[in-house]
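Please keep the sequence and the structure side by side while reading, and turn the view to each element as it comes up.

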Amino acid sequence: MKIAMVGSGYVGLVSGACFADFGHDVICIDKDPAKIESLQAGIMPIYEPGLAELVTGNAKSGRLSFTTDLAAGIAGAAAIFIAVGTPSRRGDGHADLSYVYAVAEEVGQALKNDAVVVTKSTVPVGTGDEVERILTEAAPGVRFAVASNPEFLREGAAIADFKHPDRIVIGTEDEWARGILTEVYRPLFLNKAPILFTSRRTSELIKYAANAFLAVKITFINEMADLCEKVGADVQDVSRGIGMDGRIGSKFLHAGPGYGGSCFPKDTLALLKTAEDYEAPTRIVEAVVAVNDSRKRAMGRKVIEALGGTDAARGKKVAMLGLTFKPNTDDMRDSPSIAIALALADAGIEVAAYDPEGMALAGPLMPEVTMADSTYAAIEGADAVVIVTEWDAFRALDFDRIKRIAKAPVLVDLRNVYNPAEVRAKGFAYSSVGRP
Ligand code: UDX
């Protein structure tokens, strides 16, 4: 089946490459000529493990191609996916749907054959109705249906998540569209991926509800971590203790510096806006957004405390290890590291940082930070080392070397990577999140 993927960002590119790997004939479309040219040359616009091999392999075998020409790209496609960005709109936090609607308009004008237009971008409830209206106006006389098919893949594990999803959600009331999307996903049913058919509006909401619920889980355990610190309990054991309850589940209960990334921050905000518009406020999500926002800066204060408080910390140097919002990505969007670095700079602390993949994108976002060439170059002369992102490269630090090159053996572990007793036994002043 020919599939057109409009938008070759994280979701579009990974989905397109995986569909091609399943044997479909896929064309990825993007209006950015530089991106398309580099994809044609086998250069990936993002860092995602395994993606380069998947893209180049499928391109070589002729199942995956790239173009900037939308009209030519969608010709003959039975399914046209819209996978363009829906960032937070400046000023009010609503999802910015201008890219989605512009694509719908362009698709409508170019559409010559029957096709199902599928929104994969994360879009608020009712967006499918508007896409349908735009297409009806722009493409009279062509048979089409508009379906919703949210994507749940995580950055850093995108290919595995796409190929082995917990579920596939398809929102359409149209039998014909259902048949086509069943064909699109057939290779995954064979892998026993459950498929849930719902109405289009329900499907649109499922994506926001899923992300908001996960954000609630993380924020809940983060607040428990704060409480653990006050009462002398261990949040990791609390996570295990509650996670073993099948009704709660053990995942997404890892306390840390607060969630970031391209999805949770913008999707929780957009959900609040939808809830407000429909006069059905979601107070829990409101609290989550506020708590998570203030948490990032609070992590800066934690570091200042480890340096002996505000007065002692002024003029000292901190090494930040990890800048991306999580490991195995170069994505810096809403990363807690940004707020932490600012809080430290505000307190008159000098910051040097190292990240295995995030330096290029981080640099312009944090001009106050000196970017180091390696982990130990960042640590050289530091009064404290802070683990912000749990990259594997920071899981086996050479503590003897740190003691030699740093000014003081102080480690603030915001991801609870290390065992407190072991690090203290090596002579470090060690603090972490929610552990005695
Ligand atoms: C998320 C959703 O998981 C995915 O289904 C959706 O499609 C897009 O948004 P992603 O943003 O790639 O994926 O990252 P994820 O692994 O979910 O982590 C998000 C943030 O939560 C990160 O900042 C991470 O560090 C944080 N997190 C996650 C925690 O602090 N604790 C946890 O237990 C889990």
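What follows is a walk through this structure by way of its strands and helices. The model is a predicted one, and the account below should be read with that in mind.

A convenient place to begin is the pairing of strand 1 and strand 2, which run in the parallel sense and are joined over five bridges. Within this pairing, lysine 2 stands opposite aspartate 25 of strand 2. Strand 2 covers residues 25-29, and because four of its five residues are buried, this strand is largely enclosed by the rest of the structure.

Strand 1 (2-6) also returns as part of the surroundings of helix 5, since the elements that cover the buried residues of this helix include strand 1, helix 4 (70-74), strand 4 (79-82), strand 5 (115-119) and helix 6 (127-138). The buried residues in question are Val100, Val103, Ala104, Val107, Gly108 and Ala110. As for its length, helix 5 comprises 13 residues, 98-110, which at 1.5 Å a residue should span 18 Å, and its end C-alpha atoms are indeed 18 Å apart, so the expected and the computed values agree.

The same check can be made on helix 9, whose 32 residues, 200-231, should span 46 Å at 1.5 Å a residue; the C-alpha atoms at its ends lie 47 Å apart, which agrees with that expectation. After helix 9 comes glycine 232, which has a positive phi, near 75°.

Further along the chain, two helices can be considered as a pair. Two packed helices are described by the angle between their axes together with the distance between those axes. For helix 11 (residues 264-277) and helix 12 (residues 283-306), the axes come within 10 Å and cross at roughly 140°, and the crossing is left-handed. On the side of helix 11 the contact is made by Thr268, Leu269, Leu271 and Leu272, which meet Val285, Glu286 and Val289 of helix 12. By class, the residues of this contact divide into five nonpolar, one polar and one charged.

The next element to bring into view is an open sheet of six strands, in which the order is 11-10-9-12-13-14 and the pairing is parallel. Its edges are formed by strand 11 (369-371) and strand 14 (429-432), each of which pairs on one side only, while the twist from one strand to the next averages 20°. Inside the sheet, strand 9 (residues 317-321) pairs with strand 12 (residues 384-387) in the parallel sense over four bridges, and leucine 321 has isoleucine 387 of strand 12 as its bridge partner. Strand 13 (residues 410-413) likewise runs parallel to strand 14, with four bridges joining them; here valine 412 has serine 431 of strand 14 as its bridge partner.

Which residues make up the covered face of strand 14, and which the uncovered one? The covered face consists of Tyr430 and Ser432, whereas Ala429 and Ser431 make up the uncovered face. Elsewhere, helix 14 (residues 336-346) lies across strand 9, strand 10 (350-354) and strand 11, and runs at about 175° to strand 9.

Finally, alanine 360 lies in helix 15 (residues 359-365). Is this residue buried or exposed? Alanine 360 has a relative accessible area of 67%, and is therefore exposed, the cut-off for that term being over 50%. Eleven residues separate alanine 360 from methionine 371 in sequence, and their C-alpha atoms are 9.4 Å apart in space.

Note on methods: Residues are numbered from 1 along each chain as its sequence is written. This is a predicted model: local features need pLDDT of at least 70, side-chain atom pairs count only at pLDDT 80 or more; totals for chains, interfaces and linings use all residues. Side-chain values use heavy atoms; hydrogens and water are left out. Helices (H or I, at least four residues) and strands (E, at least two) are DSSP runs, numbered from the N terminus. The expected span of a helix is 1.5 Å times one less than its number of residues. Buried means under 20% relative accessible area, exposed over 50%, partly exposed in between (1.4 Å probe, protein chains only). Contact means heavy atoms within 4.5 Å. Axes are lines fitted to C-alpha atoms, for helices over the stretch in contact, and angles run from 0 to 180 degrees between N-to-C directions. A crossing is left-handed if the near helix is turned anticlockwise from the far one by less than a right angle, and right-handed if clockwise. Ala, Val, Leu, Ile, Met, Phe, Trp, Tyr, Cys and Pro count as nonpolar, Asp, Glu, Lys and Arg as charged, and the others, Gly among them, as polar. Two strands pair if DSSP finds at least two bridges between them.
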